[in-house]
Amino acid sequence: MNQPLTPLMLKALVPATARGEATRRKLLAAAEVEFGARGFHAASVSSITTRADVGQGTFYLYFHSKEEIFITLVREIGRALRTLAAKAGAAAPTRRAGEREGLVALLRYTLDYPGRYRIVQESQFVDETVFREYHERLARSYSQSLVEATESGNFKPGDADTRAWAILGIGQFLAMRYCLWTGRMPADTVIDSAMDMIENGIVTPSGLMSPVRVAA
C-alpha cells in the first residue's frame, strides 16, 4: 500500500493565472476519466497528460505526483456530492420531500458519474486517510442537517451521527445495486420503500415482542 501523503507533500501548487487554472482543471478532468476507467495503478501521469493534451512536464507545475492528483480528485468529488445533496434538500418544499430529494440526488450522481464512485472506492487502497475523510465529511455534513431538523421538531430526538451513517449507507448500497450495476435509476417503488424504512422502520409493535424464528 502506498504511504499516505503528508500535508507538506500535499502543499498546493496554485495556478497563478486563469489560464493556469484552466490547465489544472483539464488535468483533473483527464485524471477522472483515466482513474475511473483504468484504476489508479493502471493509469499513469503520461496517460493523464496525453488525454489532457498537455506536456508531461506541465503536470508537475500543478501536482507533485499521481497520488496527489488522485487525492485531490477524491476531495473534489466529495465536495461536489455534498453541495449537490444540500441543494437538492434545500429546494424541496418539506423536510420529508427534502430527504427523498437528497437520496435521489445521490443515486443520480452515481448514475451520471460511475467513474467517480469507483475512484472513491479505490481510494481506500491508495490512501485510507482520504477514503475515511471523504465519508466522515459527508456524514458530518448530513448529521448537522439532521440535528437542525430535530431541533425544529421535524425529527424525533436521537443520535444524529448514527442516523447519518445509517441513512447514507442505504443510499450508497442502493446506488451500487441499481445505478452502478444496472446503469439505471431504481424504480420509484424502490425509493418509496427505502423512504418508508427511513421514516417508519420495519418492525411492528407486536413484532418487537415476538420470538425469533431461525429458518432451518
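A helix, as the word is used here, is a DSSP run of H or I at least four residues long, numbered from the N terminus. The model on display is predicted.

**Stop 1: a pair within one helix**

Select Arg-95 and Glu-99. Both residues belong to helix α5, where they sit four residues apart, about one turn of the helix. Their side chains form a salt bridge, with 2.6 Å between the closest N and O atoms. Arg-95 is partly exposed, at 24% relative accessibility, whereas Glu-99 has a relative accessible area of 11% and is buried. Glu-99 counts as buried because its value falls under the 20% limit.

**Stop 2: the partner of α5**

Keep α5 in view and add helix α9. Two packed helices are described by the angle between their axes and the distance between the axes. For α5 and α9 the angle is about 130° and the axes are 11 Å apart. The two helices are therefore oblique to each other, and their crossing is right-handed. To display the contact, select Arg-96, Glu-99, Arg-100, Leu-103, Val-104 and Leu-107 on the α5 side. On the α9 side, the residues to select are Asp-188, Ile-191, Asp-192, Ala-194, Met-195 and Glu-199. Glu-99, from the previous stop, thus reappears in this contact.

**Stop 3: the nonpolar core**

In soluble globular proteins, nonpolar side chains tend to be buried together. Which residues touch the most other members of the largest nonpolar core? Select Leu-27, Phe-35, Ile-69 and Leu-107, which hold that position in a core of 47 residues. The elements that give two or more residues to this core are α1 (18-38), α2 (45-52), α4 (66-90), α5 (95-112), α6 (114-126), α7 (128-151), α8 (160-180) and α9 (188-200). Helix α8 provides the largest share, eight residues.

Now centre the view on Leu-27. Beyond its neighbours within four places in sequence, Leu-27 is in contact with Ile-48, Thr-49, Ala-52, Val-54, Phe-59, Tyr-62, Phe-63 and Ile-69.

**Stop 4: salt bridges between helices**

Side chains of opposite charge can pair when their charged atoms come close. The count for this model is 12 salt bridges. Two of the pairs can be visited in turn.

Select Glu-34 and Arg-51, whose side chains meet in a salt bridge of 2.7 Å, N to O. This pair links distant parts of the chain, since Glu-34 lies in helix α1 and Arg-51 in helix α2, 17 residues apart. Are the two residues buried or exposed? Glu-34 is buried, at 4% relative accessibility, and Arg-51 is partly exposed, at 48%.

Next, select Arg-75 and Glu-133. The closest N and O atoms of this salt bridge are 2.7 Å apart. Arg-75 is in helix α4 and Glu-133 is in helix α7, so that the pair, 58 residues apart, also links distant parts of the chain. Arg-75 counts as partly exposed at 30% relative accessibility, while Glu-133 counts as buried at 17%.

**Stop 5: a network around Arg-24**

Finally, select Glu-21, Arg-24, Arg-25 and Glu-76, which are linked in a network of salt bridges. Arg-24 lies in helix α1 and is buried, with a relative accessible area of 16%. Add Leu-61 to the selection: Arg-24 and Leu-61 are 37 residues apart in sequence, and their C-alpha atoms are 8.9 Å apart in space.

Note on methods:
Residues numbered from 1 in each chain as written. Predicted model: local features only at pLDDT ≥ 70, side-chain atom pairs only at ≥ 80, totals over all residues. Heavy atoms only, no water. Core = buried A, V, L, I, M, F, W, Y, C linked by side-chain atoms within 4.5 Å. Buried < 20%, exposed > 50% of the residue type's maximum accessible area, 1.4 Å probe, protein only. Contact = heavy atoms within 4.5 Å. Salt bridge = Lys/Arg side-chain N within 4 Å of Asp/Glu carboxyl O. Axes fitted to C-alpha atoms, helices over the stretch in contact; angles between N-to-C directions. Parallel < 35°, antiparallel > 145°, perpendicular 65-115°, else oblique. Left-handed = near helix turned anticlockwise from the far one by under 90°.
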